[in-house]
Amino acid sequence: MVFMKPEIIPAILVQLREDLFDRIRKVKPYVDTVQIDIMDGMFVPNNTIGVKHLRGLPEGVKYELHWMVLNPERWIEKVHGDYLHIVHVETIDSLDDVQKIVKKNGGRLGIAINPGTQFEKVLPYLKKVDYVLVMTVNPGFSGQKYIKGMEERVREIRKKFKDIDIEVDGGLDKKTAYSAAAAGANKIVAASSIFKAFSIGKAVKELQESAEKGCKTWAKKSSG
Ligand code: DX5
């Protein structure tokens, strides 16, 4: 199997627009993509910035919107532009309905699954989207501990879907980024290990190196 170059994606979990812009400014020199967490205090026990704060985001970087909200289609229909919208399998009845709204608004769709959700629930969707987020913490807060058991899901998905983008999110640092990539993940989302670092640039670079080592391990293992 070919080595997939992994991508490090900083996660921004904030309540204020100025913090959102400040964090985007800090990471923009080092990454291509930023993930913005949006939480409604119902699907997850925390609140963050809302749709109105997403206006006029800085150019020069791509955005993933991680919708940790009930009825994500009601939020997404207010957001136009080339975003990757990641919705939770636990919050949707019909992927087609969400897909229609995302497409109409010029975005792309990804699907996420929480650690406590039965893994089989996400599989039917993976034929319809090319991006899956395997949560490695129970969502709501940054700084939580990585749940290593979720790597089994990453391995399973990578076995079934060679070309899908598999993202992991929650507790990712140099050590766990290697481990997740060695299981088959190619998108590594991190908040604390980037924003709490003394040097953001150095933190991103070290995560990238670890993830690349992990991807090489995966490629070696999967080529038999
Ligand atoms: C779930 C959020 C994660 C979180 C990651 O709580 O979706 O993106 O902010 O934070 P770290 O990387 O600190 O675990």
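**Exercises: a cavity, a buried glutamine, a helix pair**

The largest cavity is lined by Met 4, Arg 158, Ala 181, Gly 184, Ala 185, Cys 215 and Trp 218. The model is predicted.

**Exercise 1.** State how many cavities of 30 Å³ or more the structure holds, then describe the largest cavity by volume and by lining class.

*Solution.*
- Step 1. Search the whole structure: 1 cavity of 30 Å³ or more turns up.
- Step 2. Take the volume: the largest cavity holds about 30 Å³ of space.
- Step 3. Sort the lining by class: 5 residues are nonpolar, 1 is polar and 1 is charged. Gly counts as polar, and Gly 184 is in the lining. Arg counts as charged, and Arg 158 is in the lining too.

**Exercise 2.** Place Gln 35 in its strand, decide whether Gln 35 is buried or exposed, and find the polar contacts of its side chain.

*Solution.*
- Step 1. Locate Gln 35: strand S2, residues 33-39.
- Step 2. Check the relative accessible area of Gln 35: 0%. Buried means under 20%, so Gln 35 is buried.
- Step 3. Look for side-chain partners. Glu 64 makes a polar contact of 2.9 Å with Gln 35. Glu 167 makes one with Gln 35 as well, at 2.9 Å.
- Step 4. Widen the view to residues beyond four places in sequence. Gln 35 touches, among them, Ile 9, Pro 10, His 66, Leu 133, Asp 169 and Val 189.

**Exercise 3.** Describe how helix H4 packs with helix H5.

*Solution.*
- Step 1. Set the geometry: H4 (residues 151-160) and H5 (residues 174-183) pack at about 35°, with axes 8 Å apart.
- Step 2. List the contact: H4 gives Glu 151, Val 154, Arg 155 and Arg 158, and H5 gives Ser 179, Ala 180 and Ala 183.
- Step 3. Classify the contact: 3 nonpolar, 1 polar and 3 charged residues.

Terms used:
Residues numbered from 1 in each chain as written. Predicted model: local features only at pLDDT ≥ 70, side-chain atom pairs only at ≥ 80, totals over all residues. Heavy atoms only, no water. 1 Å grid on protein atoms, 1.4 Å probe; cavity = no way out; pocket = protein on both sides within 12 Å on 5 of 7 lines; lining within 4 Å. Points joined across faces, edges and corners; volume = space filled by probe spheres on them. Helix = DSSP H or I, 4+ residues; strand = E, 2+ residues; numbered from the N terminus. Buried < 20%, exposed > 50% of the residue type's maximum accessible area, 1.4 Å probe, protein only. Polar contact = N/O pair within 3.5 Å; in protein donor to acceptor, adjacent residues only side chain to side chain. Contact = heavy atoms within 4.5 Å. Axes fitted to C-alpha atoms, helices over the stretch in contact; angles between N-to-C directions.
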